[in-house]
Amino acid sequence: MFVEPFLLSHPKEYLSTAFLVESNDSYLVYFGDTAPDCLEAKKRMDVIWKRLVPLALEKKLKGIFLECSYLDKPDTELFGHLDAKHMMQELHYFASLVDEVHPETALQGVKILVTHIKDPLLKEGLFKQAIAEELQRCNDLGVIFIFPSQGERIVL
């Protein structure tokens, strides 16, 4: 296995990390806590998306672990995380890099493993279901959303 780290933005100039993992010429990327690029001065996610383009084109990108901490939050209350709207915005941007002519099919079948779901006001199961429904409703890219559970084995 080989791992390539990338810096991610988190609030107040704190940094987080994404890891691109390669094994047997197959890749997955795991994003830690991250703010959407549209809210940050440094476009750290952009660097990663551009690095992933050739892997997506060659069908070597097997999965993207990406957080969706909230269902819908005002930008000022994201605190360095993604909500459903910003997650889809980032995925649309990545799709446009992969195929600017047909971004709607560029990521078809790519597995998106949704991580870091949190909301203290709702029970996790209900909130996870609400996020799943919202992401699926907005899924005009044909990606496959997976909502892993602690200890669950996932084969990509």
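This report describes helix α1, the largest pocket, the aromatic pairs and two single residues of a predicted model.

**Helix α1**

Helix α1 covers residues 44–57 and has a kink of about 30° at R51, shortly before the proline P54. The buried residues in α1 are R44, M45, D46, I48, W49, L52, V53, L55 and A56. In a helix of this kind, residues three or four places apart point the same way, because an α-helix has 3.6 residues a turn. The cover over the buried residues of α1 includes four strands, β1 (2–9), β2 (15–23), β3 (26–31) and β4 (61–67), together with the helix α2 (84–98). Just after α1, K59 has a positive phi of about 60°.

V53 is one of the residues in helix α1. V53 counts as buried because its relative accessibility is 14%, and buried means under 20%. Setting aside residues up to four places away in sequence, V53 touches F94, L97 and V98. The C-alpha atoms of V53 and S96 are separated by 9.8 Å, and these two residues are 43 residues apart along the chain.

**The largest pocket**

The volume of the largest pocket is about 200 Å³. Its lining consists of L55, A56, K59, L61, K62, A106, L107, Q108, G109, V110, K111 and L156. Two elements, α1 and β4, give two or more residues to this lining. By residue class, the lining of the largest pocket has seven nonpolar, two polar and three charged residues. L55 and A56 appear in this lining and are also among the buried residues of α1. K59, the residue with the positive phi just after α1, lines the largest pocket as well.

**Aromatic pairs**

The model has three aromatic pairs. Two of them are described here.

In the pair of Y30 and F65, the ring centres are 5.4 Å apart and the planes are at 40°, so the pair is tilted. Because Y30 lies in strand β3 and F65 in strand β4, this pair ties together parts that are 35 residues apart in sequence. Y30 counts as partly exposed, whereas F65 counts as buried.

In the pair of F31 and W49, the ring centres are 5.2 Å apart and the planes are at 45°, so this pair is tilted. The pair links distant parts of the chain, with F31 in strand β3 and W49 in helix α1, 18 residues apart. Both F31 and W49 are buried. F31 and W49 form one aromatic cluster with F94. F94 is also one of the residues that V53 touches.

The relative accessibility of each ring residue in these two pairs is given below.

| Residue | Relative accessibility | Class |
|---|---|---|
| Y30 | 36% | partly exposed |
| F65 | 16% | buried |
| F31 | 1% | buried |
| W49 | 0% | buried |

**I117**

I117 is located in the loop between β5 (111–115) and α4 (124–137). With a relative accessibility of 18%, I117 counts as buried, since the cut-off for buried is under 20%. Leaving aside neighbours within four places in sequence, I117 is in contact with C68, S69, F127, K128, I131 and F147. The C-alpha atoms of I117 and F79 are separated by 14 Å, and the two residues are 38 residues apart along the chain.

Key: Residues numbered from 1 in each chain as written. Predicted model: local features only at pLDDT ≥ 70, side-chain atom pairs only at ≥ 80, totals over all residues. Heavy atoms only, no water. Bend = angle between axes of the 7 residues up to and from the residue. Buried < 20%, exposed > 50% of the residue type's maximum accessible area, 1.4 Å probe, protein only. Contact = heavy atoms within 4.5 Å. 1 Å grid on protein atoms, 1.4 Å probe; cavity = no way out; pocket = protein on both sides within 12 Å on 5 of 7 lines; lining within 4 Å. Points joined across faces, edges and corners; volume = space filled by probe spheres on them. Nonpolar A, V, L, I, M, F, W, Y, C, P; charged D, E, K, R; others polar. Phe/Tyr/Trp six-rings, centres within 6.5 Å; stacked < 30°, edge-to-face > 60°.
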